[in-house]
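Trainee: I'd like a close look at the side chains in this model, please. Could you take me through them one region at a time, and then bring the regions together?

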Amino acid sequence: MNSFRDKLSQFMQGRYGFDRLSRFIFLLSFVFWGLCLIARFTPWHWLYIVFSLLNTLLYIGALFRIFSRDIASRTLENERYLQFCSRTLPKFDRMKAGLADREHAYRHCPACGSLLRLKKIRGKHTTQCPKCGK
C-alpha cells in the first residue's frame with residue numbers, strides 16, 4: 001500500500017491538487033448526474049442529453065483543475081471563487097436568520113437602505129432609522 005501512496009505522491013508532484021473550487025465543481029457535477037438519472041425516465045430525452053453533457057464537462061473540468069501544472073492560474077481562479085463566496089454567503093445567512101425569526105420583520109430604510117429589524121406589530125406603524133434618523 002505504501003508503494004501506491006508513493007507513486008501517487010510522485011505523480012501529483014508539481015500539480016495543483018484539490019481545492020474548494022474543485023470540490024464545488026465535483027458537487028455540481030454530482031447534482032447534474034442526479035438530474036440526468038431523473039431526466040432519463042421522462043419523455044424529454046433531450047433533457048437527459050443536456051444534463052449528461054453538463055455532467056461530463058463539469059467532471060472533466062474538475063479533473064483538469066486537479067491535475068493542472070499551471071498552479072498560478074488555478075490559485076487565482078480559486079481566490080476569485082472564495083471572494084465570490086465571501087460576498088454572497090453572508091446574504092444567505094441573513095436571509096436564513098430572518099426566516100427563523102418569527103418575532104421580527106426585516107425591512108430596508110427607504111432613505112439610506114440600511115437593514116432594520118422591527119417588532120412584528122399588527123397594523124401600520126412608523127419608526128425612526130437609527131443610522132440616518134429619518
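**From the nonpolar patch to the hairpin**

Mentor: Happily! Let's begin on the surface, where Phe24, Leu27, Leu28, Val31, Leu35 and Ile38 make up a nonpolar patch with about 500 Å² of accessible area together. Please keep in mind throughout that this is a predicted model. One member of the patch to look at is Leu28, which sits in helix α2, residues 20-39. With a relative accessibility of 30%, Leu28 counts as partly exposed.

Stay on helix α2 for a moment, since Phe32 lies there too. Is Phe32 buried or exposed? Its relative accessibility is 17%, under the 20% cut-off, so Phe32 counts as buried. Leaving aside residues up to four places away in sequence, the contacts of Phe32 are Phe51, Leu54, Asn55 and Leu58. For a sense of scale, take Leu89, which is 57 residues from Phe32 along the chain: the two C-alpha atoms are 22 Å apart.

Another residue of helix α2 worth a look is Arg20. Arg20 is partly exposed, at 42% relative accessibility. Beyond its neighbours up to four places away in sequence, Arg20 touches Asn78, Tyr81 and Leu82. Arg117 will come up again shortly, so here is where it stands relative to Arg20: 97 residues separate the two along the chain, and 34 Å separates their C-alpha atoms.

Now for the charged pairs. How many salt bridges does the structure hold? There are four. In one of them, the side chains of Arg65 and Glu77 come together at 2.3 Å, N to O. This pair links distant parts of the chain, as Arg65 belongs to helix α3 (residues 45-67) and Glu77 to helix α4 (residues 71-100), with their positions 12 residues apart. The two partners have their own accessibility classes: Arg65 is buried at 4% relative accessibility, while Glu77 is partly exposed at 28%.

Glu77 has a further partner in Arg74, and their side chains meet in a salt bridge at 3.0 Å, N to O. Here the two residues lie in one helix, α4, three residues apart, or about one turn. Arg74 counts as buried, with a relative accessibility of 8%.

A further salt bridge takes us towards the strands: Lys119 pairs with Glu103, and their closest N and O atoms are 4.0 Å apart. Because Lys119 lies in strand β2 and Glu103 in the loop between α4 and β1, this pair ties together parts that are 16 residues apart in sequence. Lys119 itself is partly exposed, at 49% relative accessible area. As for shared partners, salt bridges join Asp19, Arg65, Arg74 and Glu77 into one network.

That brings us to the hairpin. Strand β1 pairs with strand β2 (residues 115-119) in the antiparallel sense, over five bridges. Within this pairing, Tyr106 stands opposite Arg117 of β2. Six residues lie between the strands of this hairpin, where Gly113 adopts a positive phi near 85°. His104 is also in strand β1, which covers residues 104-108. His104 is buried, with 14% relative accessible area. Its contacts, apart from residues up to four places away in sequence, are Arg117, Leu118, Lys119 and Lys120. Lys119 therefore appears twice in our tour, as a contact of His104 and as the strand β2 partner of Glu103.

Finally, what about the cysteines? The disulfide count is zero. Cys112 takes part in none, and its nearest cysteine sulfur, that of Cys109, is 3.8 Å away. For Cys132, the closest cysteine sulfur again belongs to Cys109; at 3.7 Å, this is too far for a bond, because a disulfide calls for two sulfur atoms within 2.5 Å. Cys112 is partly exposed, with 36% relative accessible area, and Cys132 is partly exposed as well, with 33%.

To bring the regions together: helix α2 carries Leu28, a member of the nonpolar patch, along with Phe32, which is buried. Glu77 has a salt bridge to Arg65 and another to Arg74. Strands β1 and β2 pair in the antiparallel sense, and Lys119 of β2 is tied to Glu103 in the loop between α4 and β1.

How values were computed
Residues are numbered from 1 along each chain as its sequence is written. This is a predicted model: local features need pLDDT of at least 70, side-chain atom pairs count only at pLDDT 80 or more; totals for chains, interfaces and linings use all residues. Side-chain values use heavy atoms; hydrogens and water are left out. Patches are made of residues with over 30% relative accessible area and no salt bridge: like charges are joined within 9 Å, nonpolar side chains (Val, Leu, Ile, Met, Phe, Trp, Tyr) within 5 Å. Accessible areas come from the Shrake-Rupley method with a 1.4 Å probe; for residues, only the protein chains shown count as cover. Helices (H or I, at least four residues) and strands (E, at least two) are DSSP runs, numbered from the N terminus. Buried means under 20% relative accessible area, exposed over 50%, partly exposed in between (1.4 Å probe, protein chains only). Contact means heavy atoms within 4.5 Å. Two strands pair if DSSP finds at least two bridges between them.
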